[in-house]
Amino acid sequence: MFAARSLLTLFAFALCCPSLALSQEIGQLELKDTTVTTREGPEQSVEAERGFLWVPERWEDGSGGMIRLHFLRYASTAENPGPPIVYLAGGPGGSGSWSSLGDRFPVFQAFREIGDVIAWDQRGTYFAEPYLICPGSYSYPLEEPGDPEIMLPILKEFAQKCAEHWEEQGVDLTAYHTNASADDLEGLRVALGAEKLTLWGISYGTHLGLAYIRRYPERVHRAILAGVEGPDHSLKLPSNLDKILARVDSLVKLDPEAREIAPDLTGAVRRIIDRLASEPVYVEMGDVTVGISKFDAQDGFSNLLGDDRDIALVPVGARALENGFFLPLAQAEARGRRERRGTAMSVAMDCASGASEERRALIAREAPESI
């Protein structure tokens with residue numbers, strides 16, 4: 001049975017035996033029948049095929065080492081299946097296999113009525129070899145209100161040590177960029193013998209999907225893109241979240257119960273931000289003190305607005321903070337600031353995509369007025 005434990009065992013074996021890659025050829029495909037079990041909600045099991053694809057670290061010239069990529073393929077239930085549907089996870093850094101066994105499991109299974117559904121694990125992510133998890137972790141002082149000027153050096157030092165770790169293992173981090181992942185995807189299409197692919201991408205997965213469309217337009221049957229991140233959209237616009245907040249505010253005003261909780265949601269959030277901009281708040285939590293700043297509140301609301309399951313918490317959270325009840329935010333900060341981990345893949349991908357000077361200038365113009 002496919003479970004987290006069995007996959008971790010397989011992954012550990014792969015890590016301890018890197019010499020296996022020396023005898024593999026580009027495009028070599030390994031397929032194994034398996035049974036997978038969901039990890040959220042009612043436990044469900046379904047037959048699937050686990051696949052491993054060998055690709056070069058550098059597609060440009062075939063130099064460097066070899067990478068083994070992983071996927072799960074759910075066979076189509078259609079009498080005449082269409083092209084394979086490949087799920088491209090967000091992040092960057094998300095695992096397609098992991099997503100297929102979570103809350104998106106019903107969607108994966110429904111799409112089988114159209115064609116085979118492939119939960120794809122991009123290079124550097126969970127279940128790929130190598131999986132570029134950073135050793136150790138980083139933390140931000142709890143008593144210090146959130147401040148990018150303090151946080152950036154901490155993050156830079158952590159990223160530097162992570163990069164050095166993987167470079168010592170012989171990994172070329174400059175080979176981890178979106179075009180390389182698009183070439184991996186084309187390698188998958190060729191290995192499967194499929195004429196075309198249907199792409200299903202979410203967030204960063206749409207960024208990757210659009211890169212594949214640009215590089216291999218004749219190989220795309222359809223594209224399903226949700227939460228689109230365009231070629232120049234790795235750095236997000238402040239105005240986007242302001243628009244989402246305004247939309248949530250308009251929906252709150254249409255609901256009598258929600259309107260009673262937050263009659264002026266946008267105004268409440270702005271007042272909270274302004275209050276913390278003038279003076280941070282310190283929350284006592286047992287034997288620790290958590291400092292809360294304008295930045296912490298902005299980050300907290302941004303995270304809630306970025307998840308459809310959390311948006312409902314925004315009116316309640318705004319009311320609590322405006323009334324001076326900062327404990328929930330302090331608890332969230334305490335959880336988020338301690339022992340945080342990361343992957344070299346996610347940082348390398350975003351840095352490689354970058355942003356144009358025009359994009360950066362637009363962000364700079366929006367930032368002063370944005371909530």
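**Figure 1. How much of the chain is tucked away.** In this predicted model, 46% of the 371 residues of the protein chain count as buried. The accessible surface adds up to about 18,700 Å², and carbon and sulfur atoms own 54% of that.

**Figure 2. The whole fold.** The protein chain has 14 helices and 9 strands. Its radius of gyration is 23 Å, close to the 21 Å that the globule rule gives for 371 residues, so the chain is as compact as a globular protein of that length. Look along the principal axes and the C-alpha trace spans about 60 × 50 × 45 Å. Take the contacts with a separation of 6 or more: 72% of them link residues 24 or more positions apart.

**Figure 3. Trp-120 and the largest nonpolar core.** This core holds 38 residues, and Trp-120 is listed with Val-86, Leu-132, Tyr-176, Leu-185, Leu-188 and Tyr-212 as having the most contacts inside it. Which residues does Trp-120 contact, leaving aside its neighbours within four places in sequence? Among them are Leu-53, Leu-69, His-70, Phe-71, Val-86, Asp-184, Leu-185 and Leu-188. Another core lies apart from the largest one; it has 28 residues, including Val-248, Ala-262, Ile-273 and Ala-330. In soluble globular proteins, nonpolar side chains tend to be buried together.

**Figure 4. Helix H5, a mostly covered helix.** H5 runs over residues 178–192, and 12 of its 15 residues are buried. Asp-184, Leu-185 and Leu-188 are among the buried ones, and these three also touch Trp-120. How far apart are the end C-alpha atoms of H5? They sit 21 Å apart, which agrees with the 21 Å expected for 15 residues at 1.5 Å a residue. Right after H5 comes Gly-193, with a positive phi near 70 degrees.

Technical notes:
Residues numbered from 1 in each chain as written. Predicted model: local features only at pLDDT ≥ 70, side-chain atom pairs only at ≥ 80, totals over all residues. Heavy atoms only, no water. Core = buried A, V, L, I, M, F, W, Y, C linked by side-chain atoms within 4.5 Å. Buried < 20%, exposed > 50% of the residue type's maximum accessible area, 1.4 Å probe, protein only. Contact = heavy atoms within 4.5 Å. Helix = DSSP H or I, 4+ residues; strand = E, 2+ residues; numbered from the N terminus. Expected span 1.5 Å × (residues − 1). Rg over C-alpha atoms; globule rule 2.2 N^0.38 Å. Areas by Shrake-Rupley, 256 points an atom, 1.4 Å probe, with all protein chains shown as cover.
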